[in-house]
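Trainee: Got a minute to go through this one with me?
Mentor: Yes, put it up.

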Amino acid sequence: MTEPVRVEVRTAKPYPVVIGRGLLTDLVDTLAGTRTVAIFHQPPLADTAEAVRAALAETGIDAHRIEIPDAEDGKELAVAGFCWEVLGRIGLTRSDAVVSLGGGAATDLAGFVAATWMRGVRVVHVPTTLLAMVDAAVGGKTGINTDAGKNLVGAFHEPSAVLVDLATLETVPRNEIISGMAEIIKTGFIADPAILDLIEADPDAALDPTGSVLPELIRRSIEVKAKVVAADLHEADLREILNYGHTLAHAIERREKYKWRHGAAVSVGLVFAAELGRLAGRLSDAVADRHRTILASVGLPVSYDADAFSHLLKGMQTDKKNRNGLLRFVVLDDLAKPGRLEGPDPSLLVAAYSAIAKDEPAAAGPILL
Ligand SMILES: NC(=O)c1ccc[n+]([C@@H]2O[C@H](COP(=O)([O-])OP(=O)(O)OC[C@H]3O[C@@H](n4cnc5c(N)ncnc54)[C@H](O)[C@@H]3O)[C@@H](O)[C@H]2O)c1
Ligand SMILES: O=C(O)C(=O)C[C@@H](O)[C@H](O)[C@H](O)COP(=O)(O)O
Ligand SMILES: [Zn+2]
């Protein structure tokens, strides 16, 4: 990939996703002329946030950096409340802007704060994890977790730009790179099987943030997401395909009190969805088995506690894709041929779950915590 690359997200209010290295100048250019900017960042990004704040301040912008709690602890109502309070204190108005700097938890939280402050102010996302680059920062889904479930409170609020600085990946812990790979693999199965070929050719190379494979995987994933959200921003139909594997994944995350990485839960959810497709007689053994093999090849989990099914079933009942009390899953009819499975017979769910169940509770390895 020759950098920088621009992917346009052609929704009603189009915006660019710029993929490159050292994009501080792009951020300064994007925000030129803005009076006040609030930069919400996760703790490991404090130095970067300070550099961004200083660069914006040099151009005359009243720039503030605000640290938010790390990871899913940031996607809490109390944190959103704190952010709204800060925006009030710094006098951020509708002609001003919010910047998110961090992983998907930061883009989701800052996006939600921007969506709700004064009923919507501009937000620019600077995703710094693999998962946030390929998925969370693009498409305008924002939200927080509540006792009722994962992401059940939120808003569609599109960014005015997304700046993907590949250099930030070099400090991301390996388990977070692995977690992001789950969403890339999801994208491979639903829309772009060339992604799967690239990963299978050399899983280690695919995970290397300094190599040439990962930038291509990032670009391909963003291109798919941009096309899907441009066609169906509000998830009336097509956009549901991006939720492949997430029905079970969100129930797992909730059961694990949000201590499992999102990508780890998505990985287990993808294998479950593949088993559903296979047992419903819709997906071939070869494609179903390929899920397990490719996810395991990059170090992602592919099974979950045997005892958890009834708990997870309850969690899945709050999934946003459900209609009229019926569970609805994204399943595959083939590679890049996503469909829906509505109101599956409970025996099918049990059979699919027993195909992913394991007797011992998952060991708390780095991918989970
Ligand atoms: N809105 C969407 O469309 C969408 C899509 C996918 C996922 N999500 C959400 O995204 C969240 C998961 O995002 P995530 O996987 O990025 O997790 P995360 O935001 O929790 O970040 C993971 C960890 O990486 C650290 N980190 C971030 N950037 C770093 C860097 N450059 N160097 C070192 N450490 C760094 C963070 O501080 C955190 O500890 C979930 O809440 C999920 O629901 C949203
Ligand atoms: O962008 C989408 O649409 C997705 O479903 C992408 C998912 O990877 C992401 O985890 C999203 O946050 C899930 O959305 P939700 O509507 O199920 O909360
Ligand atoms: Zn996801």
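Trainee: What coordinates the zinc ion (ligand 3)?
Mentor: Glu 183 (OE), His 246 (NE2) and His 262 (NE2), at 1.9 to 2.1 Å. Donors here are N, O and S atoms within 2.8 Å of the metal (3.2 Å for Na, K and Ca), and water is not among the atoms, so sites may look incomplete. This is a predicted model: local features need pLDDT of at least 70, side-chain atom pairs count only at pLDDT 80 or more, and totals for chains, interfaces and linings use all residues. Side-chain values use heavy atoms, without hydrogens and water, residues are numbered from 1 along each chain as its sequence is written, and chains are lettered from A and ligands numbered from 1 in the order in which they are written.

Trainee: And what spacing do the donors of the zinc ion follow along the chain?
Mentor: E-x62-H-x15-H. Glu 183 is in helix α6 (residues 174-190) and His 246 in helix α10 (residues 246-255), so the pair ties together parts 63 residues apart in sequence. Helices (H or I, at least four residues) and strands (E, at least two) are DSSP runs, numbered from the N terminus.

Trainee: Are Glu 183 and His 246 buried or exposed?
Mentor: Both are buried, meaning under 20% relative accessible area (exposed is over 50%, partly exposed in between; 1.4 Å probe, protein chains only).

Trainee: Now the sheet. What order do the seven strands have?
Mentor: β1-β2-β9-β6-β5-β3-β4, an open sheet with mixed pairing. Two strands pair if DSSP finds at least two bridges between them.

Trainee: Which strands stand at the edges?
Mentor: β1 (5-9) and β4 (62-67), each with a single partner strand, so one side of each has no neighbour in the sheet.
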